[in-house]
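Here is a friendly walk through a protein chain, from the pairing of its strands to its overall dimensions. Have the viewer open and follow along.

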Amino acid sequence: MPGSPPPRTPNAAAKGPLSYAIFQLARAHRGHAAAMLRAMNLHPGQELLLMQLFDRDGQTQAELLEQAGLDHSTVSKSLRRMQDAGLLTRQPAPHDRRVMVVHLTDAGRALQEPITDMWRTLEEISVRDLTPEQADLFTTWARLIETSIRDHTRQTPAE
């Protein structure tokens, strides 16, 4: 494979090579995505919220939280920043003033194509050295691992 070799796995992680590889992969992927997002004046995670709104504008903050898979404080902070940047509005729902409904502004909608292009470019970079079959298998395995971790997290009581 082209490029530099992966970092040596530390001895403390020797019994968890897959987990260490996932950590390194996530770190590299997030770092590259963050650089691409900075070019659009966005922070990581904001594009996930915008993508949900591109699919269905006018969601509540709770719906966005659930759909994007982010925690409450991250969503609140991100939505506030995006509102300050003029990308969206938040208004109380007519049926319950405590519920905030999020709508894209024209500036927010204008990011749909750049975000779609960014995501496509990131995908092309990520699978550059894989066959389509390998990319499909990796995606399947990654989802299985994610499900396993989520299921374990739900079963393990908070400490």
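Two strands count as paired here if DSSP finds at least two bridges between them. With that in mind, one bridge to look up in this predicted model is that of L88, whose partner in strand 3 is L104.

**The sheet**

L88 and L104 belong to a wider pattern: strand 2 and strand 3 are joined by six bridges in the antiparallel sense. The two strands make a hairpin, with two residues between them. Strand 3 also runs antiparallel to strand 1, and two bridges connect that pair. On this side, T60 has V101 of strand 3 as its bridge partner.

| Strand pair | Bridges | Sense |
|---|---|---|
| Strand 1 and strand 3 | two bridges | antiparallel |
| Strand 2 and strand 3 | six bridges | antiparallel |

Put together, the three strands form an open sheet in the order 1-3-2, with antiparallel pairing. Strand 1 (59–60) and strand 2 are at the edges with a single partner strand each, so each has one side without a neighbour in the sheet. As general background, strands of a sheet pair through backbone hydrogen bonds, either parallel or antiparallel.

**Helix 4 and its surroundings**

Next, turn to helix 4, which covers residues 72–84. Its 13 residues reach 18 Å from the first C-alpha to the last, close to the 18 Å expected at 1.5 Å a residue. Which residues of helix 4 are buried? They are V75, S76, S78, L79 and M82. A general point helps in reading such a list: an α-helix has 3.6 residues a turn, so residues three or four places apart point the same way.

The buried residues of helix 4 pack against two helices, helix 2 (46–55) and helix 3 (61–68). They also pack against strand 2 (88–93) and strand 3 (96–104). Just after helix 4, G86 adopts a positive phi of about 80°.

**The chain as a whole**

Zooming out, the chain holds seven helices and three strands, following the pattern α-α-β-α-α-β-β-α-α-α along the sequence. Its C-alpha trace spans about 55 × 40 × 25 Å along the principal axes.

Of the 159 residues, 26% are buried, where buried means under 20% relative accessible area. The accessible surface comes to about 11,300 Å², and carbon and sulfur atoms account for 56% of this. Among contacts between residues at least 6 apart in sequence, 51% join residues at least 24 apart. Finally, for the electrostatics, the chain has 18 positive and 19 negative charges, and their mean positions are 8 Å apart.

Technical notes
Residues are numbered from 1 along each chain as its sequence is written. This is a predicted model: local features need pLDDT of at least 70, side-chain atom pairs count only at pLDDT 80 or more; totals for chains, interfaces and linings use all residues. Side-chain values use heavy atoms; hydrogens and water are left out. Helices (H or I, at least four residues) and strands (E, at least two) are DSSP runs, numbered from the N terminus. The expected span of a helix is 1.5 Å times one less than its number of residues. Buried means under 20% relative accessible area, exposed over 50%, partly exposed in between (1.4 Å probe, protein chains only). Contact means heavy atoms within 4.5 Å. Accessible areas come from the Shrake-Rupley method with a 1.4 Å probe; for residues, only the protein chains shown count as cover. Lys and Arg count as positive and Asp and Glu as negative; His and the chain ends are not counted. The place of a charge is taken as NZ of Lys, CZ of Arg, CG of Asp or CD of Glu.
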